[in-house]
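Q: I have a multi-chain model open and would like to practise reading it. Where should I begin?

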Amino acid sequence: MVSPSLLIAIPLASAFAAPLVALGSKKLVKWIPPLALAADLVIGLVLLPQVLDKVIVVSIGGYPPPFCINLMVGPLGLSLAILISLVGLLVSIYAMGYIKTEPTEKYHVLYLLLTTGALGIVLTGDIFNLFVFFEILCIASYALTAYEKDRPGTEAAIKYLIQGTVGSTFILVAIGFLYGLFGTLNMADIAARVPSAEPLHLFLILAFFVVGFGVEAAIFPLNAWLPDAHSSAPSSVSAILSGIAIKTGVYAIARICYTLMNAQGFLVFLSLIGVITLVVGEIAAYRQKGDIKRMLAYSSVGHIGLIVFAIGIGTSLGLFGALFQLVTHALAKCLLFLAAGYMIYRAGSKKLSDIEGLGRRMPLTAVAFTVAAFSLVGLPPFAGFMSKLSIFCAALKTDRAAYLGFAAVALAATVIEAGYFFRVIQGLYFKGGEKLQSAAGVKEAPATALIPIVVLAGLVVAIGVYPQLVTDVLDGAANELFNRAAYISDVLEAP
Amino acid sequence: MRKAVALLLVLVVGAGFYVVLANIPFGVDKADVANHYVRNGARETGAVNIVTAIVVAYRGFDTLGEVTVLFIAAVGVGAVLLPASRPAAEEKTEASLIVRTGSRVLFPFIILLGAYILVHGHLTPGGGFQGGAVIASGFLLLYLAWPGQGAARKAFSAVESLSGLAFVAVGILGIVYGVGFLGNFLPLGVRNELLSAGVIPIIYVAIGLKVGAELAGVVGHLMERP
Amino acid sequence: MEQVANYMYYAGGGGLILIGLYMVLAKTNLVKIILGLSFLDTGIHVLLVAIGYVRGRTAPIFSEGIADTTAVVDPVPQALVLTAIVIGVGVLGLALALAIQVYRHYGTLDVAKMKGLKW
Amino acid sequence: MIIIEAILILFMLVAAVATSLFRDLISAVVTCAAVSLLASLLFYLLDAPDVAMAEAAIGAGLTTAMFVVAVRKTKRHEE
């Protein structure tokens, strides 16, 4: 049996070894992230059947759980870890050819550590350890946002850093308060003691947590950094930030609301925040007529809103929908940024008007872009249709007026979303014919970019046609999140 | 306008602090899990400094994550700043004779003090972070005395890598010996002796070297780049 | 007096956090904002250590000559703060590097004067 | 004893406010170092010698050096 702690140890060790490798040959460093993440993907897939049967609780340091940090490798943690390794692997393959600014060896180290941080967040069972991995993720993303060393990137990074650090402060304050009230840091142990505390204090601590993680998850009104950071960073970084980094914030909020705090009364409020975020994000994306990456970034804000709304529904079905949407959005948005990255590179501009007509010059990239866009809008037979459908079903099944209203608003937002994505796709295929004569040099993306793009497009279609690929696992994951008594006993009564 | 909004937000947050903190009595024992560490820490880990026992043994995973944060900061500072152009670095004026002589005399002692602090982490206050910070300030002195000398950048990154790998390797050896990642697989030895407490001194020396090299790297990057 | 003695450390730590928060929100100079971030860190550290303090006990170190049964303060927050200090210095280093880079691009540290992207 | 502690805390807060008021950034950085140093004293009084050492070495020492370097490479006065 492989130890799940290797999921984190392998990428960490590879990242530490990278500077040594760079002393020998800088060219070799770009192979490290794909190899490490591929190893993680394999370990994750090997562990999956076992974990679906029974969760694995790993004590790090060899002492029983409340006294040391433990990894909680349940269906939720492991399925997200597999998603992170998969997306991370594909984006790292893309980056092998895409990243040309020096010092490239530093880019690859930072990138690998960003994914390691995300892996740690989803696997850990200790609230302070979660904070530490969260900081790893955040600091790596600040540095990567500024990687191009150009004007917008640097400015976006400092904005992101300031807001993110204030957010981290709130998280740390909340952890301190939790420790002051309960005298323990293990999430299961805290969860077991939560009923003894006063609701007001719990609400305030929860509010600090939501504000703190909300900055990274970009829920309204804490999303000011996101459009700048995601549009100014290199496209491979935008892909991983939109695909993975903001999802970890959402995961942390869900974990804290459900497992840690059992905050049933807070959920309607969470849904409301989600719907507002959704509407704000989609409207802002619709108004972006210039910069394609900015449009995609705002669309990410909208989808985060949808996921948060689904988390707030508060039923097992709602959580299932939220996780499903999280997976499909991660795949599709990652694909969109990767495809857009090479279109921008070939066209030499981020302007929507300048990438018009590229559909004929870069057929595969453009088709993949279209697939991902249709999936995000929620057209059958793509993956996004199934996930959106399950969210709306969950909202309708609650039979509560508030959720029905929210669902109606969310549907309207989807229409807005369809509007701006169709505009781009129309431009891609049916416009800019005269400009193309001059842009004869524009050709298809290279193989290192096409492999991840085609694989992601294939996954989006495959999940849409055959949702059972993921639904069983996600069902287990939603149950893990919903059934906190089982979580507590799994950790505290581990042998 | 900006200031008024800021003040309002600060007041709201302050009110939140007040409400929660009023319920956490000061100076009263509310520790729960901590009592286990206090009662059994010295026996279970062999380290008489319980803070060290927690930082390295019970919560060693946090520490691994945290040296990673510093590693990212060192790499990131190098990645976001423009590369140093050689001529600009040489133009800098050398520091005065007093600074140069003083740092030449002081440097070995600072490194010695840092090494002492980080080696005795499990016995006395101090340890890897503190010792590493002291070592880094020794290198800060060198940077001040000889600006633009580049103080062996490659050696720093090699030390960083090797000590980080040593940390992870000790962790994985724990798995091999069947005590779990970062578990202790060495004999605890005699209390209060330098070579006791199992893997704690090894890990803390690795942390100290790593933290020292990383902090020196961050400061060095900031000082050298244009 | 009793009340002061009970809450002064909380007030110190919390007050430092609030001053830092105000600096981050209200100042426009980048170095001042980063100084505010450093206060946020220091404030939390004071707050956490104060939460773990127990009156009339000693530091959690059982050196030679100190019995194992000696009552000591809570060591966990101290361990957390050690970790948090090092994380904080990493963030500050990166923030200052970015501030230097911003100055190279804009020739100013005033965030209100940066027009590249909307604040 | 309580009086001394209270005065230290008060000094710390005053230094923090002074940091936010100084127009000269080097002065602001120096008062920030004073805040760290006073915090490190408080840690010592709170029976946390490990933290006190780390805060003095990292917070008051290295962080201040980094701030001074950054201010020297940019602008010294807040406008």
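The dialogue below goes through the chains, their contacts, the core and some local features.

A: Begin with the status of the coordinates: this is a predicted model. Confidence therefore has to be read along with the geometry, since where pLDDT is low, the predicted coordinates should not be read in detail.

Q: What is the mean pLDDT of chain B, and what share of its residues reach 70 or more?
A: Chain B has a mean pLDDT of 81, with 92% of its residues at 70 or more.

Q: Where in chain B does pLDDT stay under 50?
A: Residues 87-91 of chain B are under 50 throughout, and the model gives this stretch five contacts beyond four places in sequence. The general caution applies here: where pLDDT is low, coordinates should not be read in detail.

Q: How many helices and strands does chain B have?
A: Chain B has nine helices and zero strands. Its elements, taken from the N terminus, read α-α-α-α-α-α-α-α-α.

Q: How does the radius of gyration of chain B stand against that of a compact globule?
A: The reference for 226 residues is a value near 17 Å, whereas chain B has 22 Å. Along the principal axes, the C-alpha atoms of chain B occupy a box of roughly 60 × 60 × 35 Å.

Q: What share of chain B is buried, and what share of its contacts joins residues 24 or more positions apart?
A: Buried residues are 53% of the 226 in chain B. Among contacts in chain B with a separation of 6 or more, 73% join residues 24 or more positions apart.

Q: What are the corresponding values for chain D?
A: Of the 79 residues in chain D, 52% are buried. Pairs 24 or more positions apart make up 50% of the chain D contacts with a separation of 6 or more. Chain D has three helices and zero strands, in the order α-α-α. The box around the C-alpha atoms of chain D is roughly 40 × 25 × 10 Å along the principal axes.

Q: Which chains share the most contacts?
A: An interface can be expressed in several ways; its size is often given as the accessible area lost when the parts come together. Here the reading is by residue contacts. Five pairs of chains are in contact, and chains A and B share the most contacts. Chain A and chain D are joined by no contact, and their closest C-alpha atoms are 14 Å apart.

Q: How many residues does each chain bring to the contact between chains A and B?
A: Chain A brings 49 residues and chain B brings 48. On the chain A side, at least two residues each come from α1 (6-24), β1 (56-59), α4 (104-123), α5 (127-145), α6 (151-182) and α8 (199-217). The largest share, nine residues, is from α5(A). By type, the chain A side has 34 nonpolar, 11 polar and four charged residues.

Q: Which elements of chain C give two or more residues to the side that touches chain D?
A: The contact involves 39 residues from chain C and 39 from chain D. The chain C elements are α1 (2-26), α2 and α3 (75-106), and α3(C) gives the largest share, 12 residues. The chain C side divides into 27 nonpolar, nine polar and three charged residues.

Q: Why does the span of helix α2 of chain C agree with expectation?
A: Helix α2 (residues 30-52) of chain C has 23 residues, which at 1.5 Å a residue should span 33 Å; the end C-alpha atoms are 34 Å apart, so the two agree. As for cover, 23 of the 23 residues of α2(C) are buried.

Q: Which residues of the largest nonpolar core touch the most other members?
A: In soluble globular proteins, nonpolar side chains tend to be buried together. The largest nonpolar core here has 372 residues, and those touching the most other members are L110(A), A143(A), L335(A), V460(A), V219(B) and A99(C). Helix α13 (residues 316-347) of chain A supplies the largest share of this core, 22 residues. Beyond four places in sequence, L110(A) contacts residues including A140(A), A143(A), I72(B) and V75(B).

Q: Which residues of α11(A) are buried?
A: They are L270(A), S271(A), I273(A), G274(A), V275(A), T277(A), L278(A), G281(A), E282(A) and A285(A). These buried residues pack against α10, α12 (292-313) and α17 (401-430) of chain A.

Q: Is Q264(A) buried or exposed?
A: Q264(A) counts as exposed because it has 10 C-beta neighbours inside 10 Å. Q264(A) sits in the loop between α10 (235-260) and α11 (267-287) of chain A.

Definitions and conventions:
Residues numbered from 1 in each chain as written. Chains lettered and ligands numbered in written order. Predicted model: local features only at pLDDT ≥ 70, side-chain atom pairs only at ≥ 80, totals over all residues. Helix = DSSP H or I, 4+ residues; strand = E, 2+ residues; numbered from the N terminus. Rg over C-alpha atoms; globule rule 2.2 N^0.38 Å. Buried ≥ 20, exposed ≤ 12 C-beta atoms within 10 Å, placed from the backbone. Contact = placed C-beta atoms within 7 Å. Expected span 1.5 Å × (residues − 1). Nonpolar A, V, L, I, M, F, W, Y, C, P; charged D, E, K, R; others polar. pLDDT = per-residue confidence, 0-100. Core = buried A, V, L, I, M, F, W, Y, C linked by C-beta atoms within 7 Å.
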